[in-house]
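Got your viewer open? Load the model and follow along, one selection at a time.

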Amino acid sequence: MNCRKLLSETRRAFPATKVHCQQPSRILIVDVTSPSWTNPCSVLSEALENTLCLACSLTGPCRVPLLSLYVVQNQQECLLPFTQVRENFARIQACISELRSLPREGCFPQGGNGVVQAVQDGLQQFKQYSRHTAAGGSANSCVEITILTSQSSREMVKQLEKKLKDVDLVNLRRIQVIEVLKRDFLEPEDVEQCMPAEEPSSNDVAILGMDIDVQTIEDNVISLEMLFKTWLHDYSTEREHLHLLLPSGGFSHATAPKTTLMCLKCDLQERLLDPALLSGTVDGTMRAADLNSPSQMAAWPATELYKLQVVKALKSEGVCESVVYGLPFIIRPTSCWQLDWDDLETNQHSFHALCRSLLQRKWMLLAKREPRNVSPNWNITVHSYYIIVPSDSATLLVKAVAIRELLLPSTFPALLAEHPEGVHAPIESALNSLEVEVAYNPLHVKSNLYKYLKSVLYKPLHRQQAQPRDQRPERHQPKQHQSRAKATVAPLLMAASPVQVFRPAAVRRDSCERSLLPKEYDEFLQ
């Protein structure tokens, strides 16, 4: 996957409005006017369904609060109005089934303003939804739009620049234009190396005073799945997550007082999802880790500012894997918008210098964390310790390391110099029969977790056979759209079958002048 970011640096450092510490809502626009839509349609549907089954299964704050899905054929059409993702997997699955059933092989003419109209309609629908929810005491202040197309991404950006220059974009955080290319299958080991870059390239330009990401992606399930999984990251930039404290005189304690510390302001990012947070896998004996424990850190949700004070350096080869535990987290220089741009730049350069120096010295860092609150019973502070590992990228890895109180005695007997006859040869034969890979790639290893989570989330109450697409009633019948929509929605509310179709006519631009508000959804469905 190649990535070119087109963004405004000014907006990245100083947004026009203060963004609440919450995940953005999502609008996904799928442009199916390409000459060949068969393969992208199937892989897109599978990748989207896989990601959303994870989003629906994760406990804690919702990572994808609202989702709306548009498809652009000869005109734009809203397959899914803004819907709360959690507790609505059956409805989302029905929408994805409708996406799979779309006509293929260039049935619709290219060109036109369908994508731009879908963007405008989605923004209008989001404003209506936000006004209604704000009146009810809750608010969702921003939205991100992802456009999937096989057309030229540059041409798409030009259309957006021309058509949206007079549109109110105050609620819009970012637009992603994803150009899906039909090429030879991308090998899984190459996928992670092609993930979107975090920093802008040298040819960045400002468009509409907002962030527009232009990416090129292969039309396979793994690439699209990793794209959608970026929705699960924490997108809050309200404040930094971590303060990394180092002696201000470098690592020499003779030249600086111990109380003088240099602070690098950082953000934490999950490297992988905690399996204990998947509600479908918890059997009653497992539970998510207690985030208030002094031995635990969490990148999601970022509710606490962590402070790690570096106490000493360690040789990289001197840390035994058996004393490292817990989930790893990635440390990055912060992108907190409340910091001055000069401070952000200085902090970033200092962070990069630290990464490079640690890599050159082949060092790790041992850091101590002090919890924010002491124990209420003994007034004693319990410290936890972490090792910080460099890499050849501008990131660090932090992992919890064992302390004296937790370590159990173990004996490690020496290897025998000689083996009994007839033992060595069978072992060598067994090892020689194994396939050898240079490195472990998790993208090669599947556990059927998606299938299991979908089976847990899918709770059918009634089954109704869906009509083939070519036998369904005519879509454009204004006089009948209200009753037909009710007839379509009613069985869906009773039966969450993956072949059911949810297409309420009242949310289609061609048959209704406005979208329904959340309160009106309930009245409409009744």
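Before we select anything, a quick definition: helices here are DSSP runs of at least four residues, numbered from the N terminus. Keep in mind too that this is a predicted model.

**Stop 1: a loop residue.** Select residues 449-457, which form helix H10, and then 481-494, which form helix H11. Now click on Tyr-458, in the loop between these two helices. Is Tyr-458 buried or exposed? Tyr-458 counts as buried because its relative accessible area is 19%, and the cut-off for buried is under 20%.

Keep Tyr-458 selected and add Phe-89. The two sit 369 residues apart in sequence, yet their C-alpha atoms are 7.3 Å apart in space.

**Stop 2: some strands.** Next, select residues 242-247 for strand S8 and 261-270 for strand S9. These two strands pair in the antiparallel sense, with 6 bridges between them. Click on Leu-244 and look across to S9: the residue opposite is Leu-264.

Now add residues 324-333, which make up strand S11. How many bridges join S9 to S11? There are 5, and this pair also runs antiparallel. To find one partnership, pick Asp-267 and then Arg-332, its bridge partner in S11.

**Stop 3: the whole chain.** Zoom out and show everything. You're looking at 12 helices and 14 strands. The chain has 526 residues, and 46% of them count as buried. Take the contacts between residues at least 6 apart in sequence: 79% of those join residues at least 24 apart. Finally, switch on the surface: the accessible area comes to about 28,000 Å², with 53% of it belonging to carbon and sulfur atoms.

Terms used:
Residues are numbered from 1 along each chain as its sequence is written. This is a predicted model: local features need pLDDT of at least 70, side-chain atom pairs count only at pLDDT 80 or more; totals for chains, interfaces and linings use all residues. Side-chain values use heavy atoms; hydrogens and water are left out. Buried means under 20% relative accessible area, exposed over 50%, partly exposed in between (1.4 Å probe, protein chains only). Contact means heavy atoms within 4.5 Å. Accessible areas come from the Shrake-Rupley method with a 1.4 Å probe; for residues, only the protein chains shown count as cover. Two strands pair if DSSP finds at least two bridges between them.
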